[in-house]
Amino acid sequence: MDSIGEICTAYSGTYAGEGMASLAELYDKIEEETLRFCFEHSIACGPGCGACCEHFMPDITALEARLVAAYLLLINKDTTLISNILDARKSTTGPCPLYRFDSAYHCSVYPVRPLICRLFGVCANGDKEGNGVFRRCRFNEEETMPLLLNFGPEVPVMQDYAYALRALDSSATEVALLPKAILEQLEQLSFLTAMLSGQDDNSNPDDTPNPQAS
Ligand code: SF4
Ligand code: SF4
């Protein structure tokens, strides 16, 4: 089972789990369509490039943030990532606190990265007439992608995927910068995770005996 499957299983039967499962399905579809689009039009990022993550802070929805928070709680439990997110909570620009400068695999939460991270640089945008336009990422100095491609309305564009995301979650029109959105979801999901594992605030982790009535 992959990491998203593990997360969906852990929260199955809950409202949070249903939302994350729907988001995972959308991400699968996007993965398939963007891979095909890039293959058909010879679009690739430069080797080892992660400049977009260094230079911007994504705005994300609560549902996108919930899946990332679940990944941090259940899969990648590196607490320095939480510290990085806390440190970045007032930052409006990059680098993204989940970016790893020291690894060729830059994103610490790659399987659950938000929508914009899946589309930036590898997807067309819709123009005013509803046609698709692809422009080379401004950071792509190696020119590993075409400068400009024009399409008709048949090509999926960023706006289509944004609408699909909104359709999954009534609160998806409200977005927040990644650190704030993830911290909020970490708090909520920690509570849910504790409940699902049978713990609560009255748990007694060190087995201290209950006080006896005298
Ligand atoms: S979540 Fe990952 S892919 Fe998205 S900006 Fe941060 S490091 Fe980059
Ligand atoms: S989208 Fe642009 S900045 Fe981001 S990895 Fe690709 S080429 Fe680099």
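At what angle do the axes of α5 and α8 cross, and within what distance do they come? They come within 9 Å and cross at roughly 125°. The model behind these values is predicted. Two ligands, two helix crossings and two backbone features are covered below.

**Helix crossings**

- Helix α5 spans residues 79–87, and helix α8 spans residues 178–196.
- The axes of these two helices, α5 and α8, cross at roughly 125°. That angle makes α5 oblique to α8.
- The handedness of this crossing is left: α5 passes α8 in a left-handed crossing.
- Helix α8 also meets α4, which covers residues 62–74. Here the axes come within 8 Å, and the crossing angle is roughly 60°.
- An angle of 65 to 115 degrees would count as roughly perpendicular, and one under 35 degrees as roughly parallel. The pair α4 and α8 is therefore oblique.
- Where α4 and α8 cross, the handedness is right.

**Ligand 1**

- Ligand 1 sits in the largest pocket.
- Four cysteines are part of its surroundings: Cys53, Cys96, Cys107 and Cys117.
- Pro58, Leu98, Tyr99 and Pro114 complete the set of residues around ligand 1.
- By class, the shell of ligand 1 has eight nonpolar residues, no polar ones and no charged ones.

**Ligand 2**

- The space that ligand 2 takes is also the largest pocket.
- Around ligand 2 are the cysteines Cys45, Cys49, Cys52 and Cys137.
- The residues around ligand 2 also include Ala51, Phe120, Gly121 and Phe139.
- The shell of ligand 2 divides into seven nonpolar residues and one polar, with no charged residue. Glycine counts as polar in this scheme, so Gly121 is the polar member of the shell.

**Backbone features**

- Most residues other than glycine have a negative phi, and most peptide bonds are trans. Two places in this chain depart from those habits.
- Ser42 is not a glycine, yet its phi is positive, at about 55°. Ser42 is placed in the loop between α2 (15–40) and α3 (51–55).
- The peptide bond joining Gly94 and Pro95 is cis, with omega about 0°.
- Pro95 belongs to the loop that runs between α5 (79–87) and α6 (115–119).

Technical notes:
Residues are numbered from 1 along each chain as its sequence is written. Chains are lettered from A and ligands numbered from 1 in the order in which they are written. This is a predicted model: local features need pLDDT of at least 70, side-chain atom pairs count only at pLDDT 80 or more; totals for chains, interfaces and linings use all residues. Side-chain values use heavy atoms; hydrogens and water are left out. A residue is near a molecule or strand if one of its heavy atoms lies within 4 Å of it. On a 1 Å grid over the protein atoms alone, a cavity is a set of points where a 1.4 Å probe fits but cannot get out, and a pocket is an open set with protein on both sides within 12 Å along at least five of seven lines; lining residues have an atom within 4 Å of a point. A molecule sits in a cavity or pocket if more than half of its atoms lie within 2 Å of its grid points. Axes are lines fitted to C-alpha atoms, for helices over the stretch in contact, and angles run from 0 to 180 degrees between N-to-C directions. Helices (H or I, at least four residues) and strands (E, at least two) are DSSP runs, numbered from the N terminus. Angles under 35 degrees count as roughly parallel, over 145 as roughly antiparallel, 65 to 115 as roughly perpendicular and the rest as oblique. A crossing is left-handed if the near helix is turned anticlockwise from the far one by less than a right angle, and right-handed if clockwise.
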